[in-house]
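User: Could you take a close look at one part of this model for me? I would like to start from a single residue and work outwards, in plain language for someone at the bench.

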Amino acid sequence: ATMDTLKTWYFGEEKNLSKKELKKRNPAAILGLGAVSGIFAQTCCYPLDTVRRRMQLKGKTYSGTTNAFATILKDEGIAGFYKGMTANALKVVPNNAIRFAVFDMLKVFMVTESKEYKEVKRQATAWRTRHPSRPE
């Protein structure tokens, strides 16, 4: 959802774009938007990953997820939920940037023509069916 929102903000509405219009998009912009969406997603989800990892470690025991959140918050503050995020960002940011850029490039090859094009083609085919050419 973040990537779609960023693309709509940067490129405008994306409904019924032709292949030609999709090809005009700057791949560097897609890479940048993918990186930003990766950072946003990581920032939202990283505290949950931190709690999950801490609960899996031996040594410190928590009575449950809520207890783990409360203990980390009490002992380390908000920053405790984000320990190690920089190292993780070195993996997540390029991964998302490349994934979204490749997806966008592949979409150009797989997208069909717009609905308007299909409707004109359908009407032309229907007209040809009703008005077959006569041999001379």
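Analyst: Let's start with Arg99, which counts as partly exposed because its relative accessibility is 45%, between the 20% limit for buried and the 50% limit for exposed. Please keep in mind that this is a predicted model. Arg99 is part of helix H5, which runs over residues 85-110. Its C-alpha lies 9.7 Å from that of Ala35, although 64 residues separate Arg99 and Ala35 in sequence.

Asn95 is another H5 residue to view against Ala35. Here the C-alpha atoms are separated by 8.1 Å, with the two positions 60 residues apart along the chain. Asn95 is partly exposed, since its relative accessible area is 45%.

Ala35 leads us to the packing of H3 with H5, as it is one of the H3 residues that meet H5. The axes of H3 and H5 come within 7 Å and cross at roughly 135°. That angle lies outside the range of 65 to 115 degrees for roughly perpendicular and is not over 145, so H3 and H5 are oblique to each other. The crossing of H3 with H5 is right-handed. On the H3 side, the residues in contact are Ile30, Leu31, Gly34, Ala35, Ser37, Gly38, Ile39, Gln42, Thr43 and Tyr46. They meet Met85, Asn88, Ala89, Val92, Val93, Asn96, Ala97, Ile98, Phe100, Ala101 and Asp104 of H5. Sorted by class, this contact has 13 nonpolar residues, seven polar ones and one charged one.

Ser37 is a good residue to follow next. It sits in H3 and has a relative accessible area of 5%, so it is buried. Leaving out residues up to four places away in sequence, Ser37 touches Thr2, Met3, Leu6 and Phe100. Phe100 is among the H5 residues that meet H3, while Thr2, Met3 and Leu6 are among the H1 residues that meet H3. Ser37 is therefore buried and in contact with residues from H1 and from H5.

That brings us to H1, which covers residues 2-11 and packs against H3, residues 27-56, at an angle of about 140°. The axes of H1 and H3 are 9 Å apart. Again the angle is not over 145 degrees, so H1 and H3 are oblique to each other. Their crossing is right-handed. Thr2, Met3, Leu6, Lys7, Tyr10 and Phe11 form the H1 side of the contact, and Ala29, Ile30, Leu33, Gly34, Val36, Ser37 and Phe40 form the H3 side. By class, the contact of H1 with H3 has nine nonpolar, three polar and one charged residues.

Within H1, Leu6 is worth a pause. At 18% relative accessibility, Leu6 is under the 20% limit and so counts as buried. Not counting residues up to four places away in sequence, Leu6 touches Leu33, Val36 and Ser37. Leu6 and Val36 are 30 residues apart along the chain, with 8.7 Å between their C-alpha atoms.

H3 has a further partner in H4. The axes of H3 and H4 are 10 Å apart, at an angle of about 105°. An angle from 65 to 115 degrees counts as roughly perpendicular, so that is how H3 and H4 are described. In this contact Pro47, Leu48, Val51, Arg54 and Met55 of H3 meet Thr65, Ala68, Phe69, Ile72 and Glu76 of H4. By class, seven of these residues are nonpolar, one is polar and two are charged.

Stepping back, the protein has six helices and zero strands, giving the pattern α-α-α-α-α-α along the sequence. Of its 136 residues, 26% count as buried. Among contacts with a separation of 6 or more, 62% join residues 24 or more positions apart.

Finally, a word on confidence. The mean pLDDT of the protein is 85, with 89% of residues reaching 70 or more. Helix H4, residues 65-76, has the highest mean among the elements, at 94, and helix H6, residues 115-130, the lowest, at 75. Where pLDDT is low, the predicted coordinates should not be read in detail.

Technical notes
Residues are numbered from 1 along each chain as its sequence is written. This is a predicted model: local features need pLDDT of at least 70, side-chain atom pairs count only at pLDDT 80 or more; totals for chains, interfaces and linings use all residues. Side-chain values use heavy atoms; hydrogens and water are left out. Axes are lines fitted to C-alpha atoms, for helices over the stretch in contact, and angles run from 0 to 180 degrees between N-to-C directions. Helices (H or I, at least four residues) and strands (E, at least two) are DSSP runs, numbered from the N terminus. Angles under 35 degrees count as roughly parallel, over 145 as roughly antiparallel, 65 to 115 as roughly perpendicular and the rest as oblique. A crossing is left-handed if the near helix is turned anticlockwise from the far one by less than a right angle, and right-handed if clockwise. Contact means heavy atoms within 4.5 Å. Ala, Val, Leu, Ile, Met, Phe, Trp, Tyr, Cys and Pro count as nonpolar, Asp, Glu, Lys and Arg as charged, and the others, Gly among them, as polar. Buried means under 20% relative accessible area, exposed over 50%, partly exposed in between (1.4 Å probe, protein chains only). pLDDT is the predictor's confidence in each residue, from 0 to 100.
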